[in-house]
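User: Let's go through this one together, please. I'll ask, and you show me how to reason it out.

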Amino acid sequence: MLYEFGEHQFEIKPLQKKIPDETRWIVFYQGELFAKQPRWEASSSIKDSKNALYVGHLNGHPYYVVELKQNDSHPQSIDMRDVLHQSESAFLMVSRAKQLLQWRKDTKFCGACGKKNTIIDWEYATHCYDCNVRNYPRISPCMIVLVIKGDQLLLAKNKNSKHNFYSTLAGFIEVGESAELAVKREVKEEVGLEVKNITYLNSQSWPFPNQLMLGFVAEYESGEIDIDKHELLDAKWFNTNNLPVMPPAYTIARWLIDQFVKLKEK
Ligand SMILES: [Zn+2]
């Protein structure tokens, strides 16, 4: 199967220490992305750039992220998921910016001894010189899987989701576990089914808060649907010509579903 995942037009040049004049800004305030809609980057210059972090280049422009202490000039907060609809490269920039900012905040102090960390300026790292521990931006691997059975696909409604849609199954990979084992375990735990022929297809960075989603397809092997009521409201088999409300475009969940639908329509 498959394919391409959007248009990756951004690049990360070696860490940019000096902020160039032509810099464009990604601005956060109290954890929210701020800009004048429909833009996702700030249009005015930033005075408080002391703690700015280089994010990458997009279409030739350097982008830096900063968290403002006061919100003077950027009156609107934007749902980061809305940026996802604008373009995948824009979302990648904002996603990366959010995670870098959060990492920098989370590693101000050493987690082992509690002393102040030093910011390393030649790579994305902070360092504790007392216990010689270096901290890099952290990502959490998750698996996301489309379970298929002949012409049908299994989709589930999550209990804690604000959205009223059916999606693929997903979960964090546990310590000591391979991604494939996590697929088997999660499918068994969430819907009570055994799966086989687990195949990796694609991945997506998902900054809520710092997941790397590893996308799989797996074939139904045995069992009856028996949902974990702590996690799910419902799960069922759907035919490709009778699909429910699903996650928005550009999410890896939707991408996995769309690939299967396209394959079946051929
Ligand atoms: Zn320490």
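Analyst: Let's start with one term: contact means heavy atoms within 4.5 Å. This is a predicted model, where local features need pLDDT of at least 70, side-chain atom pairs count only at pLDDT 80 or more, and totals for chains, interfaces and linings use all residues. Residues are numbered from 1 along each chain as its sequence is written, and side-chain values use heavy atoms, with hydrogens and water left out.

User: How many helices and strands are there in the protein chain?

Analyst: Helices (H or I, at least four residues) and strands (E, at least two) are DSSP runs, numbered from the N terminus. The C-alpha atoms fill a box of roughly 60 × 45 × 30 Å along the principal axes. Inside that box, the chain has 4 helices and 16 strands.

User: Which residues does I26 touch, not counting those up to four places away in sequence?

Analyst: I26 is one of the residues that touch the most other members of the largest nonpolar core, which has 32 residues. A nonpolar core is a set of buried Ala, Val, Leu, Ile, Met, Phe, Trp, Tyr and Cys residues joined through side-chain atoms within 4.5 Å, and buried means under 20% relative accessible area (exposed is over 50%, partly exposed in between; 1.4 Å probe, protein chains only). Skipping residues up to four places away, I26 touches L33, W40, V55, Y63, Y64, V65, V66, M93 and A97.

User: Which element gives the most to the largest nonpolar core?

Analyst: W25, V27 and F28 are also among the members that touch the most others. Residues of this core come, at least two each, from β2 (24-29), β3 (32-34), β4 (53-58), β5 (61-68), α1 (80-86) and α2 (88-106). With 7 residues, the top contributor is α2.

User: What area do domain 1 and domain 2 bury between them?

Analyst: An automatic or database domain assignment sets the bounds, giving domain 1 (10-106) and domain 2 (140-265). Their C-alpha centres lie 31 Å apart, and the contact takes 8 residues from domain 1 and 11 from domain 2. Buried area is the accessible area (1.4 Å probe) that two parts lose on being put together, summed over both. With 63% of it on carbon and sulfur atoms, the buried area comes to about 1000 Å².

User: How many salt bridges does the rule find across the interface of domain 1 and domain 2?

Analyst: A salt bridge is a side-chain nitrogen of Lys or Arg within 4 Å of a carboxyl oxygen of Asp or Glu. The overall count by this rule is 12. Across the interface of the two domains, though, the number is 0.

User: Which helix holds K264, the partner of D151?

Analyst: D151 and K264 form a salt bridge, with their closest N and O atoms 3.5 Å apart. K264 counts as partly exposed because its relative accessible area is 35%. D151 sits in the loop between β10 (140-149) and β11 (152-158), so the pair ties together parts 113 residues apart in sequence, with K264 in helix α4.

User: Is R185 buried or exposed?

Analyst: R185 lies in helix α3 (residues 179-191), while E174 is in the loop between β13 (169-172) and α3. The two form a salt bridge, their closest N and O atoms being 3.7 Å apart. E174 is partly exposed at 44%. R185 has a relative accessible area of 16%, so R185 is buried.

User: Which peptide bond is cis, with omega near 5°?

Analyst: Here's the background: most residues other than glycine have a negative phi, and most peptide bonds are trans. The spot to look at is the loop between β14 (194-206) and β15 (211-222), where P209 is found. The cis bond runs from F208 to P209.

User: What is the phi of N132?

Analyst: N132 lies in the loop between β8 (125-128) and β9 (133-135). N132 counts as exposed because its relative accessibility is 59%. This residue is not a glycine, yet its phi is positive, near 55°.

User: What is the phi of Y250?

Analyst: Y250 lies in the loop between β16 (232-239) and α4 (252-265). Its relative accessibility is 35%, so Y250 counts as partly exposed. Y250 isn't a glycine either, and its positive phi is about 80°.
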